[in-house]
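Trainee: Got a minute to go through a model with me? I'd like to reason from the coordinates.

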Amino acid sequence: VTVNDGGMVATNGTMLVGGAGGGTLTVSNGGSVSAQTGFTIGSSSSGLGMVTFNESNTSLDVASGGAVVGFSGDGTLRIENGATASVQQAFFLGYSATGVGSATVTGNDSSLEAIGDIYVGVDGDGTLIGDGGGVVTTPGSVFLATYASSEVTVEVASGATLAVGDD
């Protein structure tokens, strides 16, 4: 699915990309996605989801329920070139034992804001990358490898920022 040129996709429930199969969502050129009760990429163990938000004025808004990248499947989220994502609750990468989640925030003015905590590798594997001026923020905490089985990578490079906790 492609959303661009100011187009909008909104759901009053949870949005799934790559529920039990493969799914791709590309949002660019002022497009937006709004999910009222959650956003999940790579839901079941057979799920494979890839979501990209690219260019300024392109956005993701998750009103409640949090966001999960790699719940039980494989999920990838890219926020690039000035795009923004706002999650009003927790943000998870690699939730269950079979979950593999990756999020990359890259490019000036690109941002991911989670009002709740950020979990990188709950029981699965998680990767969080900030690069090229991208900004990841949470007023809460960042938890890495909640369980011993998790493998995690966090990389903040090339002018990127990871801001944790209230200032």
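What follows is a short back-and-forth on this predicted model.

Trainee: Let's start with the inventory: how many helices and strands are there in the protein?

Mentor: Scan the fold and you'll be listing strands for a while, since there are 20 of them. As for helices, the count is zero. So, because helices and strands here are DSSP runs, the tally is zero helices and 20 strands.

Trainee: Does the radius of gyration agree or disagree with a compact globule?

Mentor: Start from the chain length: for 167 residues, a compact globule would have a radius of gyration near 15 Å. The C-alpha trace spans about 45 × 40 × 25 Å along its principal axes. The protein's own radius of gyration is 14 Å, so the two values agree.

Trainee: What share of the contacts between residues at least 6 apart in sequence joins residues at least 24 apart?

Mentor: Two residues are in contact here when heavy atoms come within 4.5 Å. Leave out pairs that are not at least 6 apart in sequence, then ask which of the rest are at least 24 apart. That share is 81%.

Trainee: Now the open sheet with E2 in it: which strands stand at its edges?

Mentor: Seven strands make up this open sheet, paired in parallel and ordered E2-E5-E8-E11-E14-E17-E20. On average, neighbouring strands are turned by 5 degrees against each other, ignoring direction. An edge strand has a single partner, so one of its sides lacks a neighbour in the sheet; that fits E2 (8-11) and E20 (161-164).

Trainee: Within that sheet, which residue of E11 stands opposite Val62?

Mentor: E8 covers residues 59-62 and E11 covers residues 84-87; the two run parallel and are joined by four bridges. Across from Val62, the residue in E11 is Val87.

Trainee: Is Ser32 buried or exposed?

Mentor: Ser32 belongs to strand E5, residues 32-35. Beyond its neighbours within four places in sequence, Ser32 has contacts that include Val3, Met8, Val27 and Ser59. Its relative accessible area is 17%, and because the cut-off is under 20%, Ser32 counts as buried.

Trainee: Thr138 caught my eye too. Which backbone oxygen does its side chain reach at 2.6 Å?

Mentor: Thr138 is part of strand E17, residues 135-138, and is buried at 2% relative accessibility. Its side chain also reaches a backbone nitrogen, the one of Gly140, at 3.0 Å. The oxygen at 2.6 Å is that of Gly116.

Trainee: Over to E13: how many of its seven residues are buried?

Mentor: E13 pairs in the parallel sense with E10 (residues 74-80) over seven bridges, and with E16 (residues 125-131), again parallel, over seven bridges. On the E10 side, Thr76 stands opposite Ser102, while on the E16 side Thr106 stands opposite Asp131. The strand, residues 100-106, is mostly covered, and the number of buried residues is five.

Trainee: Last one: how far apart in space are Val1 and Ala103, C-alpha to C-alpha?

Mentor: Val1 sits in the segment before strand E1 (2-3) and is exposed, with 69% relative accessible area. Not counting residues up to four places away, Val1 touches Thr24, Leu25 and Thr26. Val1 and Ala103 are 102 residues apart in sequence, and their distance in space is 19 Å.

Technical notes:
Residues numbered from 1 in each chain as written. Predicted model: local features only at pLDDT ≥ 70, side-chain atom pairs only at ≥ 80, totals over all residues. Heavy atoms only, no water. Pairing = 2+ DSSP bridges. Axes fitted to C-alpha atoms, helices over the stretch in contact; angles between N-to-C directions. Buried < 20%, exposed > 50% of the residue type's maximum accessible area, 1.4 Å probe, protein only. Polar contact = N/O pair within 3.5 Å; in protein donor to acceptor, adjacent residues only side chain to side chain. Rg over C-alpha atoms; globule rule 2.2 N^0.38 Å.
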